[in-house]
Amino acid sequence: MTDHQRRVAVVGAGMIGQGWAITFAQAGYRIALWDPDQAAVPRAMDQVRRKLEELATAQLLSEAPGILMNRICDHATLAEAVSDADHVQENGPEDLATRRALFAELDALAPAQAILASSTSGMRPSSFTEALPGRGRCLVAHPANPPYLLPLVELCPSPWTTAQAMLRTRQLMLDAGRRPAALHKEVDGFILNRLQGALLAEAFRMIGDGLTEPEDVDTVVRHALGPRWSFMGPLETIDLNAPGGIRDFCARYGALYEALQHQMPPRRWDAALVERIAAARRDDLPLEDIAARQAWRDRRLAALARHQAGQTET
């Protein structure tokens with residue numbers, strides 16, 4: 001099956017659903033877009049059109065926005081949207097009962113050969129697929145946000161997800177220009193949010209213990225960890241930070257990092273701590289300016305994507 005014949009149903013037309021529609025349209029796939037709130041679909045189509053125009057301005061599209069929009073069709077019913085799908089990408093709210101009910105519908109309505117993938121940020125796929133007759137075709141395909149600017153897709157199986165379902169999803173994502181990262185078995189939060197959670201936990205702990213300020217935490221990441229991690233991961237980072245590679249690094253600094261772990265006990269994100277960090281952020285960015293700052297973020301990510309696209313990858 002060629003890319004232009006692939007049919008993807010995007011279920012849920014919010015921010016992530018819109019991002020998937022853009023991503024799959026760029027890959028040449030045919031997209032059926034549906035949302036339980038029918039008023040949300042025309043708004044989503046307008047947002048997708050606007051974002052495609054912004055990507056064109058940033059020189060990140062190989063085809064005109066109008067051509068890509070022609071690959072995206074909205075549907076009045078879920079049954080219509082998934083009727084001929086090869087892959088279904090669900091983007092519902094992070095509510096277990098809602099997701100269970102939706103996957104039950106998808107399993108009943110989608111063609112037997114269709115993959116059913118969830119964009120959930122942290123739910124184990126077993127928690128909402130265990131009772132399904134077609135549970136072997138169900139998995140998590142969690143994107144980074146926004147999906148059309150950050151190519152990562154985490155693939156997480158349940159205990160009953162078939163190897164074929166994982167392989168088919170991986171190939172579909174690769175063909176769409178994504179960078180899949182797979183787990184061997186399910187775990188809360190997958191890879192991205194567990195790594196991000198570890199950094200956030202220590203950031204909150206250090207602020208809560210009075211060791212530093214929120215702006216200083218962001219300064220460290222913005223001006224050291226972030227630039228390095230924008231083109232290589234933490235393991236490659238330490239491999240390059242010692243003359244003899246990662247074994248040398250661990251020999252030099254392993255004891256330090258082991259000792260630090262004992263100084264990092266879990267700390268509750270209580271209301272006072274959250275308020276302190278939120279107040280610091282609101283001093284820097286009033287709440288009414290968040291949307292504008294999100295647009296700024298996306299422009300910076302677009303510039304980074306454009307830069308990285310011109311680099312030779314090894």
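In this predicted model, valine 153 stands opposite proline 180, a residue of strand β8. This pair belongs to the region where strands β7 and β8 meet: the two strands pair in the parallel sense, and four bridges join them.

The pairing of β7 and β8 is part of a wider arrangement. Eight strands form an open sheet, and their order across it is β3-β2-β1-β4-β5-β6-β7-β8, with mixed pairing. Strands β3 (72-74) and β8 (179-182) stand at the edges and have a single partner strand each, so one side of each is left without a neighbour in the sheet. On average, neighbouring strands of this sheet are turned by 25 degrees against each other, direction ignored. In general, the strands of a sheet pair through backbone hydrogen bonds, in either a parallel or an antiparallel manner.

Both kinds of pairing can be seen around strand β6. On one side, β6 pairs with strand β5 (residues 115-118) in the parallel sense over three bridges. Here alanine 117 stands opposite leucine 139 of β6. Strand β7 (residues 152-157) is also a partner of β6, but these two run antiparallel and are joined by five bridges. Leucine 139 has a counterpart in this pairing too, since it stands opposite proline 157 in β7.

How much of strand β6 is buried? The strand spans residues 138-143 and is mostly covered, with six of its six residues buried. Cys138, Val140 and His142 point one way from the strand, whereas Leu139, Ala141 and Pro143 point the other way; the residues of both groups are buried.

A helix lies against this part of the sheet. Helix α5 (residues 96-109) lies across β1 (7-11), β4 (87-90), β5 and β6, and it runs at about 165 degrees to β5.

The loop between β5 and α6 (126-129) contains serine 121. Is serine 121 buried, exposed or partly exposed? Its relative accessibility is 32%, and because buried means under 20% and exposed means over 50%, serine 121 counts as partly exposed. Leaving aside residues up to four places away in sequence, serine 121 touches Glu94, His142, Gly189, Phe190 and Asn193. Of these contacts, His142 has already appeared as one of the buried residues of β6. The C-alpha atoms of serine 121 and glycine 245 are separated by 33 Å, and the two residues are 124 residues apart along the chain.

Two further helices pack against each other. Helix α8 (residues 192-208) and helix α9 (residues 214-229) meet at an angle of about 150 degrees, and their axes are 10 Å apart. Angles over 145 degrees count as roughly antiparallel, and α8 and α9 are therefore roughly antiparallel to each other. The crossing of α8 past α9 is right-handed. On the α8 side the contact is made by Leu199, Ala203 and Ile207, and on the α9 side by Pro214, Val217, Val221, Leu225 and Trp229.

The last stop is helix α11 (residues 245-262), where aspartate 248 is found. The side chain of aspartate 248 reaches the backbone nitrogen of glycine 244 at 2.9 Å. A polar contact of 2.9 Å also joins the side chain of aspartate 248 to that of arginine 252. When residues up to four places away in sequence are not counted, aspartate 248 touches Ala242 and Pro243.

Methods
Residues are numbered from 1 along each chain as its sequence is written. This is a predicted model: local features need pLDDT of at least 70, side-chain atom pairs count only at pLDDT 80 or more; totals for chains, interfaces and linings use all residues. Side-chain values use heavy atoms; hydrogens and water are left out. A polar contact is a pair of N or O atoms within 3.5 Å; within protein, one must be able to donate a hydrogen and the other to accept it, and residues adjacent in sequence count only if both atoms are side-chain atoms. Contact means heavy atoms within 4.5 Å. Buried means under 20% relative accessible area, exposed over 50%, partly exposed in between (1.4 Å probe, protein chains only). Two strands pair if DSSP finds at least two bridges between them. Axes are lines fitted to C-alpha atoms, for helices over the stretch in contact, and angles run from 0 to 180 degrees between N-to-C directions. Angles under 35 degrees count as roughly parallel, over 145 as roughly antiparallel, 65 to 115 as roughly perpendicular and the rest as oblique. A crossing is left-handed if the near helix is turned anticlockwise from the far one by less than a right angle, and right-handed if clockwise.
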